[in-house]
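Colleague: Could you take one part of the model, examine it closely, and then set it in the context of the chain? Please state the cut-offs as you go.

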Amino acid sequence: MLKKTLKYAWMTCLIFAIFVILPLSTKAAETGFIPTINIVTTVGNAVGLPTEVQQADNAYKLTKVKVQWNTIDPAIFNEVGEHVIFGTTENAHKPVKGAIHVFSNAKPVNIAAIGDSITYGLNVENVFYNAYPKQLNNRLGTNYNVTNYGNSGKTLLENGDDPYIRTTQYTQSLASNPNVVIIQLGTNDSKSFNFAKIDQYVGDYVKLINKYKALATKPVVYVSLPPVVFNTAYMINQANMDKILPKIVEAAEKANVDVSIIDNQTATVGAKEFVPDGVHPNGKGAAILANNVYHTITGEQPELSGKVAANAYSTSYGAINAVPTTADKTPFLSNISTQNWVSYKNVNFDKSFGSLQMSTAVLYDATTVEVKLDSPTGTTIGTKVLKQTGNVNTWALNTISTTNVKGTHDVYFIFSRPFSFPNFELLNLGSIDFSYDAAKPTEIMSAQDLEAALASRLTNLKLMNNVTFTKNLQLSDDTKLNLNGYTMNTSNYYLSKNDAAGKRIQFDIFGGKVAGNNAYGSIYSATSEYNNYGMNINAKDITFNGTLFIRNNVLGAVVTFDGHNVIKSTTGSNVYVRNMTIKAGSYYYGSTEGGGSSNESGSTVITMGMGNTDKNFIVEPQAKVELYPGSNGPWYGQNAIYGFSKISIADGASFTASGAQPMLRTEYTAKNARVEVAPNAVFNVRTTEAAEGFSYSFGIDYVFDHVAYLNLESPNKTNFMYAFYNSSISISGGKISVWNAANSTQTWDSVNVFRLNNILSSKNMGTLTTSSAELKNTFGSLANYVRITNQN
């Protein structure tokens, strides 16, 4: 119990230190220096200036003072450049200058992290991933590029034992064209033989600042007060550091440019546990530096509500800023151990529904989170034993009931597990929904969130961000996924169904974009003849670009498209399914460039396979379908639809297919396939090069019943259509026109019945049945024609 009490005491000390500035002066002179407040952002991302600023007294020791800023015009966040805002201190009405630097999104903001071994990451586990500049980049995101130019043992002093300005890193940093420069030097200057020359420190620092400011990029420059030295080691000591800190502030003033100060000294007061040798922070200590730098350069943290990403947090004790090494770069907090905590500032609970939801990957059982208000020892509003996922790469969602809370608070999440050792990793933390409502869709901000939601058997999901898969994910229940205008990028993975669920499930996906390069498809079910396997899928208002959208070739399973869908495949079919329906009034545009030798991966737009089960392609009333196979597949494999047993085009619907090879192809069916086109429908099928004609089959019977527009066209005169088994074409109603290869036309009016039976490989005209004696007497061999239509 005493150990736990002491741990919370350290937590309270750290939080108090972060906001109150303990080690520096608590009293500022009336005429103190107030450094410029520089804030960095990118176009479209509004930020705020801090409500408190640093003020130096005549001895260059800092304290915090409140400030009132002039109104910020929101329009500045859409304009690249430096935007100056003025304010005054509340106590003495001293002028304060703020500068909001808005950078373009066209390329990442280039940040150079200058420093010694603390910047480099000596003592940091996995330094490439966990040094403070890398963790800072993880928090800032992909709009930024933070480069670590740290070099161990280096001094700020030009006459020190190992000056930074003589390093390759210094030369490289100047050549990197930085937009932002963060300097943290001085720790090695505290060594006695360097400290003997400390009178030169301010002048040397001013020269270094101005060297960077003179670059063509005119970078924003920050100078950091180095972290606390807890134990004298490597001849580095805090007593001399205490005398160096004011000199850094003095250099910021005397540089006579808009330099800001980052106080990493105060931020690390309570972090001794994370500085094993007393000087160099480990990965968790580096996180504290990264977080403090992040908040200093990005400005006031906005009020939070609803679902927020993990890296929206304010402070932490023991968490590391991480991003996946895979394509999905969604930040999360890693390496959380017992008694570690994370806080979120300015959380608005007025929209709370009495619970919150947290995404976690938990290694062990009995891992608990306590939710507290306003401090690590504040009022507990909820507690939860977290779901064990077994590893830190598998995520689940945890719903935590909370007491009735209103207003705005800081919220602390304290993690613990009985008998676990400090620094023994328990979990990773993802997003948090502070306004979780079980009656509404679960909001998905990342692939982590989607994985967690599916693992938690949540079935009503809504994207709040673009999502890139990092692994295959499985559905176990009927699920609705609202893409909400965002992109689900399956990359080289897919969304599948867990057939161990023992039932066929309904999956609705709608309202956004899907992309993926997986040959199995972005949505995948293994081929099966079992009715409890696979999915019934309804896709609505989807735009797809990739290899294969849906592979769901399962007995009796139906894939439907509703709304407006544009499906473009680069190296395969749009879909590979057993049954497909285009819903009434909807639109389906499908194209593929194809390639390879198989129908599943060739230039076939819709693939329904080679089995002899029922395979139905249904176009409901008033729906419109356009299919355009590419030209990269194997000769007769560039089809619009392959493998069907029935195509049905309903009243008022429209079906268009156009390409180089046979548009309709079927084989291995138990009996002739059938194409039925209802009254007032449009059926327009055209090939350009096919030696086999507009269709290639073991047998197809076409039935056109008073269609509004009929066109069957195959300009290559070798075959009008090709059939291994006796096939037929039946046309009812109105008029029939034919074209031959010489573009000569012939038309018969008032034709109530036209039926060609026993067509074989299109060279056999078959047996003609017609109500028109003229037609019967003048219609030639089918091989003579390149087009049959009911149009002029």
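Modeller: Helices (H or I, at least four residues) and strands (E, at least two) are DSSP runs, numbered from the N terminus. This is a predicted model, in which local features need pLDDT of at least 70 and side-chain atom pairs pLDDT 80 or more, while totals for chains, interfaces and linings use all residues. Residues are numbered from 1 along each chain as its sequence is written, and side-chain values use heavy atoms, without hydrogens and water.

The part I have chosen is an open sheet of 10 strands, paired in parallel in the order 25-28-30-32-35-38-41-44-47-50; pairing requires at least two DSSP bridges between two strands. Its edges are strand 25 (473–475) and strand 50 (722–723), each of which pairs on one side only. Further in, strand 44 (residues 664–666) runs parallel to strand 47 (residues 695–697) and is joined to it by 3 bridges. Thr 666 faces Ser 697 of strand 47. Helix 11 (residues 447–455) lies across strand 25 and strand 28 (495–497), at about 35° to strand 25 (axes are fitted to C-alpha atoms, for helices over the stretch in contact, with angles from 0 to 180 degrees between N-to-C directions; contact means heavy atoms within 4.5 Å).

As for the chain, an automatic or database assignment sets the domain bounds: domain 1 (37–103), domain 2 (109–298), domain 3 (307–433) and domain 4 (456–791). The C-alpha centres of domain 1 and domain 2 are 22 Å apart. Their contact involves 18 residues from domain 1 and 22 residues from domain 2.
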